[in-house]
Amino acid sequence: RSLRHMAAAVNDMPKYLLAPEVSSLLHYVPDLHRKMLLTTLWNTGARINEALALTRADFTLTPPYPWVQLATLKQRGEKAARGRGRPAADTMPHRLVPLSDPHFIAQLGMLTATLKIPLERRSSETGRMEPVRLWKITDRTARTWLEEALQAAAADGVTFTVPVTLQTFRHSYAMHMLYAGIPLKALQSLLGHRYIKSTEVYTKVFALDVAARHRVQFHMPEGDAVSMLKNIT
């Protein structure tokens with residue numbers, strides 16, 4: 001947290017939580033449905049609109065390598081903003097994110113079983129079978145859920161030293177992966193960044209951490225240094 005405070009001196013540094021802080025915050029989310037949305041943001045680095053688009057079919061939870069498929073919706077939005085229109089679903093850019101936390105995988109299974117979420121449901125509008133989203137809410141509702149959890153934590157004496165938004169979970173995922181040794185190019189792919197410069201912002205914080213912890217010493221007693229040079233033959 002001290003190193004994070006040092007990084008916060010630069011305004012463009014991402015604001016993130018450490019793993020114990022995320023777990024503490026999740027403790028104050030009152031039900032499984034809400035908690036799993038925030039946990040999905042934390043475990044996948046998804047943007048909120050990407051998470052809200054998820055269906056059961058997007059998850060493959062069978063061992064040995066569970067994963068989730070995310071539609072990279074920011075890139076889709078950028079294309080539309082440039083006048084190219086919204087691409088068809090089968091041409092939408094996707095990325096695969098491995099799921100490595102067994103507890104998260106077990107909770108996902110519990111969520112779909114408890115809420116009896118089917119893979120597909122017939123649309124009342126089109127009559128066709130369509131995938132069922134896990135969270136049929138807006139991002140505004142998601143922000144309300146998060147705010148209520150923050151208020152419950154504060155009432156219990158638990159506060160956080162950085163402002164916490166839904167985007168904070170994505171930043172926290174990125175930093176957690178860097179601390180775990182994930183290479184920068186791999187992180188770029190996992191986050192769905194088109195350009196590596198978007199990912200490099202996290203290495204600025206990570207570089208401060210690595211440099212501070214290595215405690216590289218520059219001072220050498222001047223007399224010893226002089227003697228060393230004089231003794232070189």
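Hi everyone, let me start at the sheet: strand E1 and strand E2 (residues 67-71) run antiparallel to one another and share two bridges. By pairing I mean that DSSP finds at least two bridges between two strands. Strands here are DSSP runs of E with at least two residues, helices are runs of H or I with at least four, and both are numbered from the N terminus.

Some housekeeping. This is a predicted model, in which local features need pLDDT of at least 70 and side-chain atom pairs count only at pLDDT 80 or more, while totals for chains, interfaces and linings use all residues. Residues are numbered from 1 along each chain as its sequence is written, and side-chain values use heavy atoms, with hydrogens and water left out.

Back to the sheet. It is open, has three strands in the order E1-E2-E3, and its pairing is antiparallel. Strand E1 (59-60) and E3 are the edge strands with a single partner strand each, so one side of each has no neighbour in the sheet. On E1, Phe-59 sits opposite Val-68 of E2. Val-68 also has a bridge partner in E3, namely Val-97. Gln-69 is bridged to Leu-96 in E3. In total, E2 and E3 pair over five bridges, again in the antiparallel sense.

Which side chains of E3 are buried? Arg-95 and Val-97 are, and they point to one face; His-94, Leu-96 and Pro-98 point to the other and are not buried. For the cut-offs, buried is under 20% relative accessible area, exposed is over 50%, and partly exposed is in between, using a 1.4 Å probe and protein chains only.

Now the turn between E1 and E2, a hairpin that joins them through six residues. Pro-64 is in that loop, and the peptide bond leading to it from Pro-63 is cis, with omega near 5 degrees. Pro-64 is exposed, at 66% relative accessible area. Its C-alpha is 9.7 Å from that of Ser-100, although 36 residues separate Pro-64 and Ser-100 in sequence.

Ser-100 brings us to the largest pocket, which holds about 480 Å³ of space. Its lining has 20 residues, and the closest to the centre are Trp-42, Asn-43, Ser-100, Asp-101 and His-176. The search runs on a 1 Å grid over the protein atoms alone: a pocket is an open set of points with protein on both sides within 12 Å along at least five of seven lines, a cavity is a set where a 1.4 Å probe fits but cannot get out, and lining residues have an atom within 4 Å of a point. Points are joined across faces, edges and corners, and the volume is the space filled by probe spheres set on them.

Which elements supply at least two lining residues each? They are helix H2 (19-27), helix H3 (32-44), strand E3 (94-98), helix H6 (102-114) and helix H8 (166-179). H3 gives the largest share, four residues. By class, the lining has ten nonpolar, eight polar and two charged residues.

Two loops beside H3 deserve a look. Pro-30, between H2 and H3, is exposed at 61% relative accessibility. Its C-alpha and that of Trp-145 are 9.2 Å apart, with their positions 115 residues apart along the chain. Ala-46, in the loop between H3 and helix H4 (48-52), is buried, with a relative accessible area of 2%. The C-alpha atoms of Ala-46 and Arg-170 are 6.2 Å apart, though 124 residues separate the two along the chain.

Last, the charged end of Lys-197 sits over the ring of Tyr-195, 5.9 Å from its centre; the criterion is NZ of Lys or CZ of Arg within 6 Å of the ring centre and within 35 degrees of the ring normal. Thanks, everyone!

Terms used:
Nonpolar A, V, L, I, M, F, W, Y, C, P; charged D, E, K, R; others polar.
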